[in-house]
Amino acid sequence: MMNRPEDARFEHLLHAYELGLLSDEERQEFELLLMNSEDYFQEALESEKTSQLIKYDPEIRSLIRHRAEEMEKTEAARTAAGGSLLKKRWPALVPVSIAAIIIFFLLIFKDWRVDFRPQDEVMATENLLAVMYFDNLSDPEDTDRTGEIITNLLITDLSESQYLQVVSSQRLYDILKQLGREGSRKITPDIAGQVAEKASAKWMVLGSIIKEGRQQVIVSQLIDTRSGNTIASEKITAAETESIFSLVDRLTKAIKEDIPLLVNIKGEADPQVADVTTQSPEAYRYYIEGTDLYNKFYTREALLSFEKALTYDSTFAMVHYYLAKLKDRFHIRKALQYSHKASDREKYYINALAASSEDSVPKAIHILQELTRKYPYEKEAFYNLGNYFRYEGDTRQALDCYFQSIKIDPLYKLSYNIVAYIYNSLGNFDSTLWAINKYIEIAPDEANPYDSRAEIYALNGRLDEAIQSYKKALEIKPDFYTSLSYLGIMYVYNQEYEKADSCFRILLEVENTSIRAAGKHYLVYIPTYQGRFITALKQIDSTFKADSLQQVKESGTYCYIHAFKGLIYDAIGKTSEAVEALKKALEIRERLLPRDKTLFSDIYVQMLLKIGEFQKAREITDELHKRWEDSLAAADAYWYSEAMIEYSRGNYDRAIDYLEKARQVSNSFPAGYMLARAYLEENDLEKAVDNFENLVKKYTSPRMGYCIWSLECHYYLGLAYERSNWYEKAAEQYEKYLSILNLADENILHIPEARERLKRLRNKS
Amino acid sequence: MTIDELYTEAKKGDLKARDELFKALLARFRYFAHQKIWDPDDAEDVVQDALIVINREYDRIDIKVSFHLWAYKVFDMRVLGYVQKKGTSRARYLRYPENESDFQEPLVKIQPEIKVKLLDCLNRILKANSRYARILNFQYQGFSTEEICEKLKVTRNNCYSILSRARSLLALCLKKGDIK
């Protein structure tokens with residue numbers, strides 16, 4: 001019986017694990033599952049006993065060997081009669097195969113499905129109520145969004161009940177979109193039935209707003225979705241000065257009393273909806289607009305809506321909550337201050353965010369876990385939990401949480417987005433495509449699904465498809481600057497510099513200072529990627545000068561620009577200047593990016609070692625070690641720094657050991673690059689080739705941030721191929737290297753060596 | 001109790017919980033090490049090495065979120081280090097002992113009638129579809145799952161499906177004496 005999502009996963013991984021069929025990622029995932037579960041571990045131990053028996057029983061082995069010889073003869077005869085080459089190899093290897101199959105047998109009756117996607121598209125429908133958009137008959141255009149506001153307030157108010165699960169407005173919106181009714185506020189009984197069915201709701205509420213004279217009247221019907229019968233009808237007439245919030249309170253009370261079989265619901269406390277939201281209809285209107293935009297990743301627009309909401313009600317706790325997520329910590333204090341005006345479940349979200357902003361992610365996890373215990377259908381809580389677990393490096397738990405949210409709401413697009421990335425990082429491309437396509441299917445008119453798909457293509461070396469997908473995202477939303485930035489970076493990789501330039505220049509025109517700063521940074525990639533380092537340095541200096549003259553406020557992006565400058569200095573042999581630039585980057589980081597406590601510290605250590613500052617490098621590394629004790633996120637910087645110390649001493653084997661650890665934590669580009677180089681130094685050519693190939697395959701933004709090293713990958717990969725006697729491939733890499741650098745400054749990097757080696761290889765051929 | 005719960009209790013000063021915690025870690029690490037490292041002495045060295053580190057760090061650091069994750073990482077890094085020095089995980093299969101003397105003593109005796117029945121079923125299944133055998137062959141030659149899929153021109157999911165069908169057929173065969 002499968003009780004939990006882990007059960008299915010465990011079932012299908014167990015046998016593959018014992019046969020050594022799992023990839024390293026899957027193996028780690030499986031072992032982590034066993035680490036913290038006594039039940040699973042005991043089950044695995046039971047299985048292990050059986051497979052041990054097969055492996056070590058001499059009689060079994062003798063039988064297998066005997067059988068193998070027989071099969072060998074048969075196979076030889078078949079080959080002689082024209083059998084395939086593949087078959088020739090089979091008999092000699094039969095013994096282990098038979099053993100393996102026998103192991104399979106002894107572990108039978110297990111389910112063997114690879115994916116652990118949610119099997120059922122639908123959750124239990126017990127006490128699930130869907131509130132349809134209220135049709136504003138007095139204003140069919142619903143210009144002031146009264147229908148939408150009443151619908152959302154009613155959902156919020158009914159959701160306060162502990163006896164009722166209410167379909168969220170976001171899900172309602174998504175279902176309507178799937179039915180081709182996006183934006184439709186007029187819900188016919190037929191459409192309502194389809195929505196309720198898709199949402200698996202037991203009941204639905206249909207309603208309309210009419211005017212009788214000067215009075216506003218809300219008419220609603222509670223319908224049993226299975227029979228289609230109307231359970232009850234309500235007509236609430238607004239008093240002349242009655243607010244929309246009070247109307248909704250009355251309607252909530254009436255609906256709760258109409259719901260059959262839920263006796264307890266009638267007696268439970270019913271808070272006023274205005275007390276758990278806002279007193280201002282305008283603030284509420286902007287709030288729902290903001291959350292809709294937020295879920296589409298249209299952050300700038302969402303920010304504007306939330307800020308507008310605050311101008312109507314500066315004490316709206318959930319608006320501060322979202323602003324804290326989008327903008328700065330100041331708002332979390334405000335959210336906490338006004339959290340008495342939030343609903344019960346919203347208080348949990350606010351407290352969790354407050355905890356995480358104080359670097360107490362475990363506390364945030366604990367709060368959200370409490371929330372999910374109290375409100376088990378709270379998909380957003382599971383999604384947020386997933387994000388926190390992911391931050392803590394616990395991919396397994398994160399994935400479980402995302403799937404839990406999908407199980408609650410199969411149309412929960414945000415989780416599909418992250419699941420796609422996680423699957424990709426686990427090397428499961430089929431499942432990655434499944435998740436990302438699902439995201440696109442749910443939200444085909446939004447830019448972010450295409451942006452995510454593009455990034456996934458880029459991570460898998462499919463540059464042209466990535467470019468097309470970024471273009472699609474920009475077609476939908478031309479000012480989706482994330483896609484624009486990445487499209488520019490893809491063009492740099494594709495050596496289409498003019499196109500890249502035009503993408504980045506658009507960013508310079510944007511009002512937002514951070515986006516403008518990013519645009520300036522990206523523009524430096526263009527000359528740097530071509531090896532025009534002098535130009536790049538001049539460009540950086542003139543950027544700083546211009547910003548200083550125009551008194552442009554310094555942003556966190558400057559930290560990245562200084563670090564990038566340091567890498568250019570390093571590439572032209574000016575290591576002392578590189579150290580100074582990195583130092584400056586760290587100084588800006590402390591001031592403007594206080595949450596990124598270890599950003600570039602490891603690269604700084606690397607540069608310090610190059611100028612012989614071993615003592616200082618050691619001190620910073622020890623400091624990183626202390627930070628690692630507080631946070632696993634600092635682990636990669638620590639391992640990387642330790643690795644650089646060993647690398648600088650020529651202890652490449654130990655450097656490899658540390659770099660493997662660093663890479664396991666974050667899989668960062670620098671760790672991968674230095675690891676590949678260390679393998680090359682150790683003359684472990686197979687691993688050097690593997691690692692360099694892997695690096696040049698992924699077209700990512702972080703890689704572009706280290707584009708000088710990215711270029712060098714082609715040279716070193718050529719070298720690794722050449723030493724492995726793969727001359728053709730080596731020549732290809734040298735050619736690629738030189739073609740990218742054909743306009744480069746004289747004799748930089750390994751240009752002369754690459755030319756020389758290419759020439760030699762050509763002569764050979 | 002889970003590892004994390006034991007850790008929480010142990011950190012509060014419960015010596016019994018601490019003892020239980022390290023026993024649980026030892027059992028798991030031994031199990032994991034055995035899957036990855038063929039040589040039992042080497043496997044034990046790796047396990048002990050990891051436990052020494054965990055024991056040392058245990059008093060020095062306070063893991064707030066996921067002790068089991070941290071402990072596992074300590075162990076896995078040591079396995080990784082071992083594999084790098086001694087060759088990839090594939091080596092385990094390539095170095096499958098060929099001589100009788102290289103095998104350890106079996107822990108349990110298998111029932112003879114099961115062996116006979118198994119081999120009979122195996123014959124039937126391999127005759128019915130050689131792909132089952134081919135997948136396992138490639139596997140024991142040291143090919144990764146991706147490489148096997150590549151060679152057989154099947155997706156990863158299909159590869160597992162084929163094996164799954166093979167196993168189902170074996171189950172059926174043992175029950176009915178035939179796969180039809």
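The legends below describe close-up views of a predicted model.

Local features are reported at pLDDT of at least 70 and side-chain atom pairs at pLDDT 80 or more, while totals for chains, interfaces and linings use all residues. Residues are numbered from 1 along each chain as its sequence is written, chains are lettered from A and ligands numbered from 1 in the order in which they are written, and side-chain values use heavy atoms, with hydrogens and water left out.

**View 1. Overview of chain B, with its nine helices and zero strands.**
Helices (H or I, at least four residues) and strands (E, at least two) are DSSP runs, numbered from the N terminus. The elements of chain B follow the order α-α-α-α-α-α-α-α-α from the N terminus on. Of its 180 residues, 50% count as buried, where buried means under 20% relative accessible area, exposed over 50%, and partly exposed in between (1.4 Å probe, protein chains only). Contact means heavy atoms within 4.5 Å. Among contacts in chain B between residues at least 6 apart in sequence, 61% join residues at least 24 apart.

**View 2. Helix α3 of chain B, residues 40-60.**
The expected span of a helix is 1.5 Å times one less than its number of residues. For the 21 residues of α3(B) this gives 30 Å, and the end C-alpha atoms are 31 Å apart, in agreement with that value. The buried residues of α3(B) are Asp42(B), Ala43(B), Val46(B), Val47(B), Ala50(B), Leu51(B), Val53(B), Ile54(B), Glu57(B) and Tyr58(B).

**View 3. Helix α32 of chain A and the surroundings of Ala637(A).**
Helix α32(A) has 14 residues and reaches 20 Å from its first C-alpha to its last, close to the 20 Å expected at 1.5 Å a residue. Because 13 of these 14 residues are buried, α32(A) is largely enclosed by the rest of the structure. Ala637(A) lies in this helix and is buried, with a relative accessible area of 3%. Leaving aside neighbours within four places in sequence, Ala637(A) is in contact with Thr598(A), Asp602(A) and Leu624(A). The C-alpha atoms of Ala637(A) and Ser668(A) are 9.8 Å apart in space, the two residues being 31 residues apart in sequence. Just after α32(A), Gly650(A) takes a positive phi of about 85 degrees.

**View 4. The crossing of α32(A) and α34(A).**
The axes of α32(A) (residues 635-648) and α34(A) (residues 669-681) come within 11 Å and cross at roughly 30 degrees. Axes are lines fitted to C-alpha atoms, for helices over the stretch in contact, and angles run from 0 to 180 degrees between N-to-C directions. The crossing angle makes α32(A) roughly parallel to α34(A); angles under 35 degrees count as roughly parallel, over 145 as roughly antiparallel, 65 to 115 as roughly perpendicular and the rest as oblique. The crossing of α32(A) and α34(A) is left-handed. Tyr640(A), Met644(A) and Tyr647(A) of α32(A) make the contact with Pro670(A), Ala671(A), Met674(A), Arg677(A), Ala678(A) and Glu681(A) of α34(A). A crossing is left-handed if the near helix is turned anticlockwise from the far one by less than a right angle, and right-handed if clockwise.

**View 5. Two loop residues of chain A with positive phi, Gln495(A) and Asn683(A).**
Most residues other than glycine have a negative phi. Gln495(A) has a phi near 60 degrees and is placed in the loop between α24 (481-493) and α25 (497-508) of chain A. Its relative accessibility of 29% makes Gln495(A) partly exposed. Asn683(A) has a positive phi of about 65 degrees and lies in the loop between α34 and α35 (685-697) of chain A. With a relative accessible area of 46%, Asn683(A) is partly exposed.

**View 6. The buried residues His714(A) and Thr543(A).**
His714(A), in helix α37 (residues 707-723) of chain A, is buried at a relative accessible area of 4%. Not counting residues up to four places away in sequence, His714(A) touches Val696(A), Arg703(A), Gln733(A), Lys736(A), Tyr737(A) and Ile740(A). Thr543(A) belongs to helix α27 (residues 533-549) of chain A and counts as buried at 15% relative accessibility. A C-alpha separation of 9.8 Å is found between Thr543(A) and Val524(A), which are 19 residues apart along the chain.

**View 7. The buried cysteines Cys401(A) and Cys503(A).**
Cys401(A) counts as buried at 8% relative accessibility, and Cys503(A) is buried with a relative accessible area of 5%. A disulfide is a pair of cysteine sulfur atoms within 2.5 Å; by this rule there are zero disulfides over all chains.
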